[in-house]
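Visitor: Could you take one part of this protein and walk me through it closely? I'd like to follow the reasoning from residue to residue, and then see what lies around that part.

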Amino acid sequence: MQHYLDRENIIFKYQSGFRKNQSTDTCLSYLTDKILTGFDQGFLTGLIAIDLQKAFDTIDHTILLEKMVFFGFSNGVILWFQSYLTDRSFFINLEDSFSNKGDITCGVPQGSILGPLLFLLYINDMPLAVNSEIYLYADDTCLVYQHKSLEVINENLNRDFSNLCEWFVDHNLSIHFGEDKTKCILFGSKRQKNDLNISFKDVKIKQFSELTYLGGILDEAMKGEDMALYVLKKINSRVKFLYRKDSFLNFDLRRLLCNALIQPHFDYVCSAWFPNLNKNLKARLQTSQNKCIRFCLRLNHRKRLNFLDFKKINWLPVQERVYQCIAAHVFKFFKNNCPAYIHELFSQATTSSINTRHSYMKLTQPFRKRNFGKNNLSFLGPKIWNELPESIKNSNLLNTFKHKVKDHFFQ
């Protein structure tokens, strides 16, 4: 089934949930790149983050099977899925008491392999209901519109949000309108700052100066400060915890625990929030990493770290680690192991623009006017990639490439 959907290119391009080579990282990296590129061009970006209530549990079986007919599934396959979805029941177990059985008349089995795939099919035509851009990670939905005029943004987002709400009603899905659930934000510089006015019927969508989407904190000025402070809080609390257990741990365990509990916080969507940080926050992040290294190597907290300390634990400094992650995005682009929307961010240089024997391994550097436009994936990716030696770019495997990039930065 997955092979058929991929071969026929059926699933919506900007759906990142439950799909090979796609993740919250790729979705957020693309979204933030779009916002920052808009900044560079003088655009405001309006975004509505939509929260659905029990989306997987309210799927209408009849509608789902009708869509499978439209997507070209054979009659035998559709009958199999009809059998798979029907004649299911549930009961409640409370301590030693059991309720009577009830019939399940909608929804897909959660915890199953097929459940997420069926949900993607069910909402696959949702983008046809709007003119604005829409980005999805399973049922996590955000509606995005860019323009220099706030009036145009309000007009388009209101129209498309209304259309989307009607689409949800037609599909037995419901939006969670709670204050901290469905919300909106306007990305732009302080001198551009204005208010969105988004509503549906009598419900007004509250505007926030920051919001959390797929685990990343997006602030209206895209400075990355809130995300950095969140990361610092997580890292420092974990380092304190590990110090309390230090007497039980040898070097290998200390390093293993730092890799498992701390390093992911440095890495998560780092290309989206780290480059725009001010020098103070970048320094604080490096200080936190230094604490981790001192913990692993059992060094005095006043000891100044040198190259050998980083090499011994095999960690790049924070900024070089971010550059390694950005370079990995480009490597996946050349290996065709990234989503189609990430392919939009990069453009291979032609032989006429770069007269070298390996010009096919070069990327075109896009033009940017402002610093914000120079701190996103589509600009930093080509900049970092083009400076790497050809021997690194020609790696066959991603892990090999990452190791070579690390060695290159160490050198």
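Guide: Let's start at Lys54, which is exposed, with a relative accessible area of 62%; the cut-off for that word is over 50%. Please keep in mind that this is a predicted model. Lys54 is in the loop between β2 (52–53) and α3 (61–70). Its backbone deserves a look too: the phi of Lys54 is positive, about 45 degrees, although this residue is not a glycine.

From that loop, step back in sequence to β1 (44–50) and the sheet that holds it. The sheet is open and has four strands, in the order β7-β8-β1-β10, with antiparallel pairing. At its edges stand β7 (133–137) and β10 (183–187); each has a single partner strand, so one side of each is left without a neighbour in the sheet. From one strand to the next, the twist averages 20 degrees.

Now let's cross the sheet strand by strand. At one edge, β7 and β8 (residues 140–147) run antiparallel and are joined by five bridges. Two pairs to find on screen are Tyr135 opposite Cys142 of β8 and Glu133 opposite Val144 of β8. The two strands make a hairpin with two residues between them, and Ala138 in the turn has a positive phi of about 60 degrees.

On we go to β1, which is antiparallel to β8 and linked to it by seven bridges. Here Leu44 has His147 of β8 as its bridge partner. β1 then pairs with β10, again in the antiparallel sense, over five bridges; in this pairing Ile48 is opposite Cys184 of β10.

Is β10 open or enclosed, given that it is an edge strand? Five of its five residues are buried, so β10 is largely enclosed by the rest of the structure. In a regular strand, side chains alternate between the two faces of the sheet. In β10 both faces are covered: Lys183, Ile185 and Phe187 are buried on one side, and Cys184 and Leu186 are buried on the other. Being at the edge of the sheet goes together here with being buried.

What lies across these strands? Helix α6 (residues 150–170) does, over β1, β7, β8 and β10, and it runs at about 155 degrees to β8. A residue to pick out in that stretch is Phe161, which together with Trp273 touches the most other members of the largest nonpolar core, a set of 126 residues. The contacts of Phe161 include Ile48 and Ile50, as well as Leu143. It also touches Ile175, Phe177, Thr182, Ile198, Ser199, Phe200 and Ile205. Remember Ile48 from the pairing with β10: the same residue turns up in this list. In soluble globular proteins, nonpolar side chains tend to be buried together.

To see what lies beyond this part, take Lys201, in the loop between β11 (199–200) and β12 (203–204). Lys201 is exposed, with a relative accessible area of 71%. It is 85 residues from Gln286 in sequence and 49 Å from it in space, C-alpha to C-alpha. Gln286 sits in helix α11 and is buried at 19% relative accessible area, where the cut-off is under 20%. It touches Phe310, Pro317 and Val318.

One more helix is worth your time, and Met222 leads to it. Met222 lies in the loop between β14 and α7, has a positive phi of about 55 degrees although it is not a glycine, and is buried, with a relative accessible area of 5%. After the loop comes α7 (residues 225–244), whose 20 residues reach 29 Å from first C-alpha to last, close to the 28 Å expected. Its buried residues are Met227, Ala228, Val231, Leu232, Ile235, Val239 and Leu242. Seen down the axis of α7, they fall within an arc of 130 degrees, so they line one face of the helix. An α-helix has 3.6 residues a turn, so residues three or four places apart point the same way. The cover over that buried face includes β14 (216–219), α8 (251–261), α9 (263–267), α10 (270–273) and α11 (279–297). The face turned away carries the exposed residues Lys233, Lys240 and Arg244.

Technical notes
Residues are numbered from 1 along each chain as its sequence is written. This is a predicted model: local features need pLDDT of at least 70, side-chain atom pairs count only at pLDDT 80 or more; totals for chains, interfaces and linings use all residues. Side-chain values use heavy atoms; hydrogens and water are left out. Two strands pair if DSSP finds at least two bridges between them. Axes are lines fitted to C-alpha atoms, for helices over the stretch in contact, and angles run from 0 to 180 degrees between N-to-C directions. Contact means heavy atoms within 4.5 Å. The expected span of a helix is 1.5 Å times one less than its number of residues. Buried means under 20% relative accessible area, exposed over 50%, partly exposed in between (1.4 Å probe, protein chains only). The arc is that of the directions from the helix axis to the C-beta atoms. A nonpolar core is a set of buried Ala, Val, Leu, Ile, Met, Phe, Trp, Tyr and Cys residues joined through side-chain atoms within 4.5 Å.
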